[in-house]
Amino acid sequence: MAAMTSLSISSTKPQRLFDSSFHGSSISAAPVSIGLKPRSVSAVSVRASTAGYDLNAFTFAPIKESIVSREMTRRYMTDMITYAETDVVVVGAGSAGLSCAYEISKNPNVQVAIIEQSVSPGGGAWLGGQLFSAMIVRKPAHLFLDEIGVAYDEQDNYVVIKHAALFTSTIMSKLLARPNVKLFNAVAAEDLIVKGNRVGGVVTNWSLVSQNHDTQSCMDPNVMEAKIVVSSCGHDGPFGATGVKRLKSIGLIDHVPGMKALDMNTAEDAIVRLTREVVPGMILTGMEVAELDGAPRMGPTFGAMMISGQKAAHLALKALGQPNVIDGSYVGNLSPELVLAAADSAETVDA
């Protein structure tokens with residue numbers, strides 16, 4: 001008989017709108033140990049569909065093609081009009097950007113637009129390191145996983161999600177269901193709106209247009225005004241660190257040294273600690289922080305992305321005059337394990 005393995009899985013219970021791992025609310029029951037053993041194919045029972053339709057004689061309700069076109073167009077254009085002026089624009093829908101938008105959008109009074117140049121949001125959080133499946137999250141960032149309801153295998157100082165896509169798909173499904181959030185994917189942030197040395201929004205265009213400016217005549221962009229821009233564009237690359245690169249090119253910051261070599265233990269603490277408002281109106285989160293401050297890269301551990309995103313969210317809420325953990329106006333007690341995420345430090349890390 002095959003040896004029985006044990007998997008520790010976090011169970012969750014329904015959350016109130018403002019429940020957060022930041023202020024120590026009860027976010028999960030104690031982990032339960034579930035014994036798993038292989039089952040033969042013959043032992044698996046299959047339930048018949050109870051959905052109320054016959055799969056052997058299935059037909060869809062009729063529809064006019066023009067109705068489909070109108071529904072997509074009307075809703076998207078309404079969103080563009082609605083979010084032409086918004087509270088927060090998050091640029092980059094990787095793990096840090098999604099975590100940031102998730103935390104901000106708990107406040108129903110704050111409107112959040114997410115700009116993502118790729119068709120598929122999630123950044124590098126669909127896989128772990130070297131295209132492997134598992135996602136490693138160092139404690140105490142597992143509290144965030146408890147909050148959103150992602151199961152994991154618990155180890156001493158870290159937890160393992162069996163596939164990174166479980167985190168990304170879960171947080172997206174919860175985030176995008178909220179009425180105060182809109183994801184504009186396949187849209188690029190080509191530039192910033194800057195007035196009086198304060199960032200006041202982003203310049204947008206379709207991603208395919210942005211990639212073909214050299215092949216066509218002038219294709220002017222659109223704009224999205226925002227009270228706060230959160231840049232979570234990742235580390236350097238073809239589309240990486242675009243926020244800090246632009247700040248440097250227009251003279252709002254002096255130097256972008258780039259991230260240093262890998263050091264997981266130094267890197268994750270540094271990314272969270274250095275998450276901050278780098279110029280008026282613009283907050284930096286995730287690996288783009290390392291590019292600006294010369295902090296080490298962390299490699300395939302993801303806890304700092306989640307907590308940096310949460311910290312950026314509360315910095316944005318503070319700037320908007322909304323309850324937040326940075327100045328202590330958030331209702332509830334700050335979880336001691338996440339004090340590091342509320343630290344408002346602007347020091348530069350030396351690897």
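## Cysteines and disulfides

In this predicted model, the number of disulfides is zero. Two of the cysteines illustrate how unlike the surroundings of such residues can be. C100 has a relative accessibility of 0%, so it counts as buried. C218 has a relative accessibility of 66% and therefore counts as exposed.

## Overall architecture

The protein is built from ten helices and 13 strands. It has 351 residues, and 43% of them count as buried. The surface that the protein exposes amounts to about 18,000 Å², of which carbon and sulfur atoms supply 56%.

The contacts also show how the chain is arranged. Among contacts with a separation of 6 or more, 72% are between residues 24 or more positions apart.

## The nonpolar core

In soluble globular proteins, nonpolar side chains tend to be buried together. The largest nonpolar core of this model has 79 residues. The residues with the most contacts inside this core are V88, I104, M135, L145, F167 and M306. Helix α9, which covers residues 303-319, provides the largest share of the core, with nine residues.

M306 deserves a closer view. When its neighbours within four places in sequence are left aside, M306 is in contact with S99, M135, V137, F144, L145 and F167. Three of these partners, M135, L145 and F167, are also listed with M306 among the residues with the most contacts inside the core.

## H142 and its surroundings

Where is H142 placed? H142 belongs to helix α3, which spans residues 142-148. Is H142 buried or exposed? Its relative accessible area is 12%, under the 20% limit, so H142 is buried.

Leaving aside its neighbours within four places in sequence, H142 is in contact with V137, Y152 and V159. V137 is thus a partner of H142, and V137 is in contact with M306 as well. Along the chain, H142 and M306 are 164 residues apart, while their C-alpha atoms are separated by 9.5 Å.

## A nonpolar patch on the surface

Nonpolar side chains also appear at the surface of the model: Y53, L55, F58 and F60 make a nonpolar surface patch of about 510 Å². One of these residues, F58, is found in the loop between strand β2 (32-36) and helix α1 (65-82).

Why is F58 described as partly exposed? The relative accessible area of F58 is 38%. This value lies between the limits of 20% and 50%, so F58 is neither buried nor exposed but partly exposed.

Methods: Residues numbered from 1 in each chain as written. Predicted model: local features only at pLDDT ≥ 70, side-chain atom pairs only at ≥ 80, totals over all residues. Heavy atoms only, no water. Core = buried A, V, L, I, M, F, W, Y, C linked by side-chain atoms within 4.5 Å. Buried < 20%, exposed > 50% of the residue type's maximum accessible area, 1.4 Å probe, protein only. Helix = DSSP H or I, 4+ residues; strand = E, 2+ residues; numbered from the N terminus. Contact = heavy atoms within 4.5 Å. Patch = residues over 30% accessible without salt bridge, like charges linked within 9 Å, V, L, I, M, F, W, Y side chains within 5 Å. Areas by Shrake-Rupley, 256 points an atom, 1.4 Å probe, with all protein chains shown as cover. Salt bridge = Lys/Arg side-chain N within 4 Å of Asp/Glu carboxyl O. Disulfide = S-S within 2.5 Å.
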